[in-house]
Amino acid sequence: MVYSTLEGVQVLAPIKTTPQYEGSASTTQGDILTKSALKFVSLLHRSFNSTRKQLLENRQKVQAELSKGKSLTFLDDEELVKIRNDPTWTGAFPGIGLADRRSEITGPPERKMVVNAMNTPVKTYMTDFEDSTSPTWANVIDGQVNLYDVIRGQIDFENPDNGKLYKVDKSKTAPVLLVRPRGWHMVEKHVLVDGEPISASLFDFGLFFFHNTKQLITNGFGPYFYLPKMEHHLEAKLWNDVFNVAQDTLFIPRGTIRATVLIETLPAAYQMEEIIYQLRHHLAGLNCGRWDYIFSTIKRLINDPSKVLPNRGQVTMTVPFMSSYCKRLINICHRRQVHAMGGMAAQIPIKNDKEKNDMAMAKVKADKLREATMYYDGTWVAHPALAPIANGVFDEYMPTPNQIHITPEANVSEKDLCDTTIDDSFITSEGIRENLYIALCYMEAWLRGYGCVPINNLMEDAATAEVSRLQLHSWVKHGVILKDTGKAITPDLVSSILAEEVKKLDNNIGNKFAIAAKYLEPEITGVTLSEFLTTLIYDEVVIAGEPIELSSLKE
């Protein structure tokens, strides 16, 4: 079948024709980047990229209005009000294997992590091409190889460095797979279509859907996705249009796909119901993406000095704007008969310190108890060791597969979603250092190809680094007074502390702290404010290669 044409398509990175690991499945990058697959993803790009770019421009128009002092509001378009007031429509029924999602683990599609996730006692596994993956060419394409193999039961391999065998335990029920492609704001610069980089969202989604949908259906499931960082219901409509074209092109019945939307931007919180409506034939639920949501709130309200947030440890899920967002999400999801998924437990086990480990695990349990008793239908963990805690809480408080049948009251106003009041809040020198340390360590690891990094006994990803960056920018912009010193936070102050942190960290050959600091300093001193760190530093992980000969690719 001809999906599109390869004319105008260029691949600017090498494609390996040998497996990642000797003795593992024989699947190679060449089995993923085939002529047919490239035609399919280029069809999606040519069909939808102009709309994608327009919707990204619309985000900046919203930001311009916010910067002038306009407030976010619920949409007052007559048709949208009618949709919100109509109680008869619902989202899609749960896909096979998705009725019970009490525990979900997430992580990058790195082969070892995929095996570990499949052996974790959770209901579902969200493999992540976005915030926990540094989008090097190898990570992106090998990630697709790994998913291709795990879906076909051939993921097992031996690590050549230590001889350790990584093997999926087939005697146990494996979690159901969901895939998070990169967000609409990202591009894949290693593949050009008609002279411009292909949409990373469509590239990640398209390759996975093209290669695996029919096998997933044969396995008794379906192609399931998580959709990140949307800011408007028309961005959800774009995904729905993509789903329909993809299903039609491969002769897959419409409605086969299921997608969970991460409500992790402030503007999206005002449009939850509209987002569900746009994706209602494919919608599996909404998720509270806590760290990205904090990041987005700071970014979109950056010009309002009354919205400055304190030290990050004080911005919990129980403060007003976070609590309101959660209550609204659960209420809307259950009224529309879809899952309301809770947030991430980022803690990881603390070895050799039982007291600290017990305290960390107690925090996890308390957080999961909060979610279960708020009537969430499930929750996220970042580490396999946390799965028993999450399962234990939800097993006790949620005896049914989900809690969709319970619709708690939620009288959340437009102002409630922006109520950043936090009692007894403060900002300290230690808060500056903590943010700098996290941002530097994460960015340095990302530049080396690692998007999921343990820092200070937490599993950090791009979202937590973004909170660090935006808090520092906000504090400098508004000249916040430090509680411990009584001095204002200035560009010179954060620059000097940044230099101190780099000096302490930059202690071996081969690290990239200096490069990370070069990008971070203008962002936190008020010189620049990029929409995303991952787009700011993306060129550092791009291979500058010549186009390969596409005629050499497999059909």
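# Notebook: strands, helices and hollows

**Entry on Trp380.** I looked up Trp380 and found it buried, with a relative accessible area of 6%. I note here that the model is a predicted one. The cut-off for buried is under 20% relative accessible area, so Trp380 counts as buried at 6%. I placed Trp380 in strand 13, which covers residues 378-381. I then took its distance to Ile105: the two are 275 residues apart in sequence, but 5.6 Å apart in space from C-alpha to C-alpha. I shall meet Trp380 again at the largest cavity, where it is among the residues nearest the centre.

**Entry on strand 3.** Strand 3 runs over residues 124-128. I asked myself how many of its residues are buried. The count is 5 of 5, so strand 3 is largely enclosed by the rest of the structure. I also checked the two faces. In a regular strand the side chains alternate between the two faces of the sheet. On one side of strand 3 I found Thr124, Met126 and Asp128, on the other Tyr125 and Thr127, and all of them are buried.

Next I looked for partners. Strand 2, residues 103-107, pairs with strand 3 in the parallel sense over 4 bridges. Within this pairing, Thr106 has Met126 of strand 3 as its bridge partner. I followed the chain from strand 2 through helix 4 (residues 111-118) to strand 3, and this β-α-β crossover is right-handed.

**Entry on strand 6.** Strand 3 also pairs with strand 6 (residues 176-180), again in the parallel sense, over 5 bridges. I noted two facing positions: Thr124 stands opposite Val176, and Tyr125 stands opposite Leu177. I then asked whether the faces of strand 6 are covered or open, and found both covered. Val176, Leu178 and Arg180 are buried on one side, Leu177 and Val179 on the other. That fits the count for strand 6, in which 5 of 5 residues are buried.

**Entry on helix 2.** Helix 2 takes up residues 35-67, which is 33 residues. At 1.5 Å a residue it should span 48 Å, and I found its end C-alpha atoms 46 Å apart, which agrees. I also recorded a bend of about 50 degrees in helix 2 at Phe48. Just after the helix, Gly69 takes a positive phi of about 105 degrees.

**Entry on positive phi.** Most residues other than glycine have a negative phi. I therefore wrote down two residues that are not glycine and have a positive phi. Gln337 has a phi of about 65 degrees and lies in the loop between helix 11 (320-335) and strand 12. Tyr375 has a phi of about 80 degrees and is found in the loop between helix 12 and strand 13. I checked exposure as well: Gln337 is partly exposed at 42% relative accessible area, and Tyr375 is partly exposed at 31%.

**Entry on the largest pocket.** How much space lies in the largest pocket? I have about 900 Å³ for it. Its lining holds 30 residues, and Trp291, Gly313, Gln347, Lys363 and Leu458 lie nearest its centre. The elements that give two or more residues to this lining are helix 10 (290-300), strand 12 (339-345), helix 12 (354-373), helix 14 (429-447) and strand 15 (458-460). Helix 12 gives the largest share, 8 residues.

**Entry on the cavities.** I found 2 cavities of 30 Å³ or more in the structure. The largest has a volume of about 280 Å³. It is lined by 25 residues, with Arg180, Trp291, Met344, Trp380 and Asp461 nearest its centre. Two or more lining residues each come from strand 2, strand 11 (283-288), helix 10, strand 12, strand 15 and helix 15 (462-477). Helix 10 has the largest share here, with 3 residues. I note that Trp291 is named among the residues nearest the centre for the largest pocket and also for the largest cavity.

**Entry on Thr535.** My last look-up was Thr535, which lies in helix 18 (residues 533-536). Thr535 is partly exposed, with a relative accessible area of 37%. From Thr535 to Val193 I have 342 residues in sequence and 19 Å in space, C-alpha to C-alpha.

Notes
Residues are numbered from 1 along each chain as its sequence is written. This is a predicted model: local features need pLDDT of at least 70, side-chain atom pairs count only at pLDDT 80 or more; totals for chains, interfaces and linings use all residues. Side-chain values use heavy atoms; hydrogens and water are left out. The expected span of a helix is 1.5 Å times one less than its number of residues. The bend at a residue is the angle between axes fitted to the seven residues ending there and the seven starting there. Buried means under 20% relative accessible area, exposed over 50%, partly exposed in between (1.4 Å probe, protein chains only). Two strands pair if DSSP finds at least two bridges between them. A crossover is right-handed if, with the strands pointing away from the viewer, the path from the first strand over the helix to the second runs clockwise. On a 1 Å grid over the protein atoms alone, a cavity is a set of points where a 1.4 Å probe fits but cannot get out, and a pocket is an open set with protein on both sides within 12 Å along at least five of seven lines; lining residues have an atom within 4 Å of a point. Grid points are joined across faces, edges and corners, and a volume is the space filled by probe spheres set on the points.
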